[in-house]
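Open the model in your viewer and keep the selection box at hand. We will move from one selection to the next.

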Amino acid sequence: MRAMFWFLLIVCTGSYSGCVAMDVPEGVPAAVVQVRDGDTIVVEIAGKKENVRLLGVDTPEMNYKTGKPDPLALEATLFTREKVGGGSVGLTPDPRNDDRDHYDRLLRYVSLENGDLLNLELIRNGYGFAFLEFPLTLRSRIIDAEIEARQAGLGLWSSGRLVTIPYRKAPDFEDRAVAVQGVVVAAKTVRLGDGGRICFLNFHADYKKYLSVVIREADFHRFGSDPAGRY
């Protein structure tokens, strides 16, 4: 069966949490002094500047060092700038996530003056992906926002927006959003020590050398059931 997947080629670790409803309060007020890219802003809190990484969303990279931004990176940056540039926002941490990442950036939900969450607005309008590699209280709302953007064909999900590559080329596109096309030759779901399950979709018999897709049980619902049963 020929399969096409949309995903970020990025190596991550972390546990997955269930979906729990949560209304994000306005949070700590902060003045926005700079927009670095779609998912990263600089704010001033009590006279101190802090880099803030938006939780649950990953936008294309601007790649300032090379001067060659990823597709839609500039549009995502301008979208965030239009929403928050020169204004104030509310910053709310997620009790299930870390306070800061390994770059010492604050990890926050960013509330706009009208009450909307910038994190969700970026995804809902197709400027970013749902980034679900770490525990998130708003996981279900983030997933719904991406589904909405996909169904509407917005931004990253518009026709012809993503590059399609053969599975053998996957290592050349690490950290980029691409569509990978190939034949799934083996599918296996195994049970983990904590009682959860994980599914492996292999595009080649030599799974150690070629691309394999790893799907955690928390994402099985996106496939309607256990992905191994479909592929």
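Leaving aside neighbours within four places in sequence, which residues is V43 in contact with? Select V43 and look around it. The model is predicted. The contacts of V43 are A30, A31, V32, V33, K48, K49, E50, V52, V89 and L91, once neighbours within four places in sequence are left aside. V43 belongs to strand 3. Its relative accessibility is 0%, so V43 counts as buried. Now add a distance from V43 to L91. The two are 48 residues apart along the chain, and their C-alpha atoms are separated by 9.7 Å.

**The whole chain**

Zoom out. The protein has 4 helices and 13 strands. It has 231 residues, and 45% of them count as buried. Take the contacts with a separation of 6 or more: residues 24 or more positions apart account for 59% of them.

**The barrel**

Select strands 2, 3, 4, 7 and 6. In the order 2-3-4-7-6, these 5 strands close into a barrel with mixed pairing. From one strand to the next, the twist averages 55 degrees. Next, show helix 1, residues 73-84. Helix 1 packs on the sheet and touches strand 2, strand 3 and strand 6. Its direction makes about 150 degrees with that of strand 2.

Stay on strand 2, residues 28-37. How many residues lie between strand 2 and strand 3 in their hairpin? There are 2 residues between them. Strand 3 covers residues 40-45, and its pairing with strand 2 is antiparallel, over 5 bridges. Select D37: T40 in strand 3 stands opposite. Then step to A31, whose bridge partner in strand 3 is E44.

Now turn to the pairing of strand 2 with strand 6. This pairing is antiparallel too, over 4 bridges. Pick A30 and find V89, its bridge partner in strand 6. A30 and V89 are both among the contacts of V43, the starting point.

As you step along, keep one rule in mind. In a regular strand the side chains alternate between the two faces of the sheet.

**The loop at N97**

Select N97. It sits in the loop between strand 6 (88-92) and strand 7 (106-111). Is N97 buried or exposed? Its relative accessibility is 17%, and the cut-off for buried is under 20%, so N97 counts as buried. Show its side chain: it reaches the backbone oxygen of P135 at 3.0 Å. Beyond four places in sequence, N97 touches L55, L107, F134, P135 and L136.

**Aromatic pairs**

Colour the aromatic rings. The structure holds 5 aromatic pairs. Start with F129 and W157. Their ring centres are 5.2 Å apart and their planes are at 85 degrees, so the pair is edge-to-face. F129 is in strand 8 (residues 129-130), while W157 is in the loop between helix 3 (139-152) and strand 9 (163-166). The pair links distant parts of the chain, 28 residues apart. F129 and W157 are both buried.

Go on to F131 and F134. Here the centres are 6.1 Å apart and the planes are at 55 degrees, so the pair is tilted. F131 counts as buried because its relative accessibility is 17%. F134 is at 35%, so F134 counts as partly exposed. F134 also appears among the residues that N97 touches.

Two arginines come next. What lies over the face of W157? R150 does, at 4.3 Å from the ring centre. Over at F131, the charged end of R53 sits over the ring, 6.0 Å from its centre.

Last of the rings: select Y167, F203 and Y210. They form one aromatic cluster.

**The open sheet**

Finish with strands 11, 12 and 13. These 3 strands form an open sheet in the order 11-12-13, with antiparallel pairing. Why is one side of strand 11 and of strand 13 left without a neighbour in the sheet? Strand 11 (186-191) and strand 13 (212-216) stand at the edges with a single partner strand each, so one side of each has no neighbour there. The twist averages 20 degrees from one strand to the next. Select strand 12, residues 197-202: it pairs with strand 13 in the antiparallel sense over 5 bridges. End on F200, whose bridge partner in strand 13 is V214.

Key:
Residues numbered from 1 in each chain as written. Predicted model: local features only at pLDDT ≥ 70, side-chain atom pairs only at ≥ 80, totals over all residues. Heavy atoms only, no water. Buried < 20%, exposed > 50% of the residue type's maximum accessible area, 1.4 Å probe, protein only. Polar contact = N/O pair within 3.5 Å; in protein donor to acceptor, adjacent residues only side chain to side chain. Contact = heavy atoms within 4.5 Å. Phe/Tyr/Trp six-rings, centres within 6.5 Å; stacked < 30°, edge-to-face > 60°. Lys NZ or Arg CZ within 6 Å of the ring centre and 35° of its normal. Pairing = 2+ DSSP bridges. Axes fitted to C-alpha atoms, helices over the stretch in contact; angles between N-to-C directions.
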